[in-house]
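Colleague: I am new to this structure and would like to learn how to read it. Could we look at it together?

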Amino acid sequence: MSENRGRGSGGNSGSAPYDFGGAWQPSEIELARRVARKKRNQKNALIAALSSALVLGTLIVVIVTSPGWVTLRNTFFKWAYGVEVLPKILLGFATNATLTVIAGTSVALIGLLVALIRTSRTPALTPFRFLATIYVDVFRGVPLLLVILLVGFGIPALQIKGLTNSVLILGTLAVIITYSAYVAEVIRSGILTVHPSQRAAARSLGLSHSQTLRYVVLPQAFKRVTPPLLNDLVALVKDTGLISILGVTDAVRAAQIQTSKSFNYTPYVMAALIFLAVTIPLTRATDRMLRKSLERQNAQGQA
Amino acid sequence: MSAPVLRIEKLRKSFGAEIVLEDITFTVPEHTATVFIGASGSGKSTLLRCINLLEQIDDGVIKLDGQDISAADVNPDEVRKKLGMVFQSFNLFPHMTVLENIILAPTKVQGVSQDEAVDQAFKLLERFGLRDKADQYPDRLSGGQQQRVAIIRSLARSPRLLLLDEITSALDPVLVNEVLSTVRELKSEGMTMVLATHEMGFAKQVANEVCYLHQGRILEWGAPEEILEAPKRAETREFIKRVHDAGRL
């Protein structure tokens, strides 16, 4: 495959590159090359297939014939049981999904706000810039689990009237606080990578500082940070599982409850599969987007 | 006689300890072009950026149509509405089409309606032979086309004064001419301009006055024939000779 890509637009796809009267016919040399190339590709495909069959086959045989295989299968992969507990875990995952949407939206807004404050130069915002820097430093450096425990158990302990004691809300809050710090830094780095000449051009056209930001800097910054932001989204989906520590019945907690009843770990595996069903497509989408933006950049380099 | 479009008196600019411009005084009357020549690092670009208030000057006065735009209480955004600037590296906005690049300032800054701005943009594109590029993104255009779009972008705001900063330096020699002929056309229509350039032949054609900038000072100035063909100062002669040798005349 890669062989063909390296050669760019091959001439045999209908339109000959040089059509100066008379149809182009590949020369003897070219025909011989094609035969040789085809042979080599066939040989490579054969080797790849043989090697895969050998390695994967051995692996499967070793696992299945090992003395602990039956115990392993019954402990982790008892599918009938897995299917039985699936609805409960899925119900728990609805919490993770809702949380991802709510936290994701809040994180995007707060992260953008913090990034804007950190990159602004307005004198009136000086104290906020200072506070934003401390906020980012602290919450990027503390484990999320710790923040969840502090907020989830610590705030109710204050016994402030009118403040919620719902661990679900507090847990979500902890996730939002931590992720906003990460996302703010991603967006800020995106803003900083927009070349100063773009600002100069915008300002020289008479655009104000905020217009420059809105029409010129942010659109370019977001384009660049979309892949890392999607990465953070994948991480967010997983990390919503951490609030199970507060006793919120999410997918992880639901699996834990089932496991503690049966001493069988299949529910955990089921929960893992549900997370994978969401995160793998997201990761693929991220990869595709990254590849596209790279291709676009390369196209620019050639222009 | 009315005030000149631009008058600069005793301008001084430094970056830290390094003095970039010193004792710069000159006048640009309406419908004329003043061309700055000089080696890289002589301060040409900085001078243009100072006029556009993209750099803060250390001393001196800059007057646009008689108004002191270097005064402390002047809003730079208001001043820049009257100025057009074209950069060496084009600086088109890569995420916008050619048309969007051109109508951004008229619609967002000058409050022109979308339809009117688009109309005006198409007229300019038509005039400079770029009508079919309106919906393209900048990275699909050649350097010369990009630079002409950048010129149109600053023209769309009907500036009083056009600042052109080495607009052909980043271009393939083959593409230089299409950009220069655009500028020649603007000159013939009476646009007032300040240019920094390495193209001596072009300078001779469009300039009313040529200033030779050497280590931050205007060392010699006068009509293009005087400066380019019979310079009085040894430094100017040396510079012109070097440009000659590099084949840029």
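**Reading the interface**

Modeller: Let us start with the polar contacts, bearing in mind that this is a predicted model: across the interface of chain A and chain B there are six residue pairs in polar contact, both partners being at pLDDT 80 or more.

Colleague: Which elements give two or more residues to the side of chain A that touches chain B?

Modeller: They are helix H8 (196-204), helix H9 (209-239) and helix H11 (266-302) of chain A, and H8(A) gives the most, with seven residues. Sorted by class, that side of chain A has 10 nonpolar, eight polar and three charged residues.

Colleague: What is the count of salt bridges between chain A and chain B?

Modeller: The count is one salt bridge, formed by B:Asp77 with A:Arg203, whose closest N and O atoms are 3.2 Å apart.

Colleague: How should I read the size of an interface?

Modeller: It is often given as the accessible area lost when the parts come together. Here the area buried between chain A and chain B is about 1900 Å², with carbon and sulfur atoms giving 59% of it. Of the area that chain A buries against chain B, 32% is supplied by A:Ser204, A:Leu205 and A:Tyr215, more than any other three residues supply.

Colleague: Where in chain A is the pLDDT below 50?

Modeller: In general, where pLDDT is low, the predicted coordinates should not be read in detail. Chain A averages a pLDDT of 88, and 90% of the residues score at least 70, but over residues 1-16 of chain A the pLDDT is below 50.

Terms used: Residues numbered from 1 in each chain as written. Chains lettered and ligands numbered in written order. Predicted model: local features only at pLDDT ≥ 70, side-chain atom pairs only at ≥ 80, totals over all residues. Heavy atoms only, no water. Buried area = accessible area lost by both parts, 1.4 Å probe. Salt bridge = Lys/Arg side-chain N within 4 Å of Asp/Glu carboxyl O. Polar contact = N/O pair within 3.5 Å; in protein donor to acceptor, adjacent residues only side chain to side chain. Helix = DSSP H or I, 4+ residues; strand = E, 2+ residues; numbered from the N terminus. Nonpolar A, V, L, I, M, F, W, Y, C, P; charged D, E, K, R; others polar. pLDDT = per-residue confidence, 0-100. Contact = heavy atoms within 4.5 Å.
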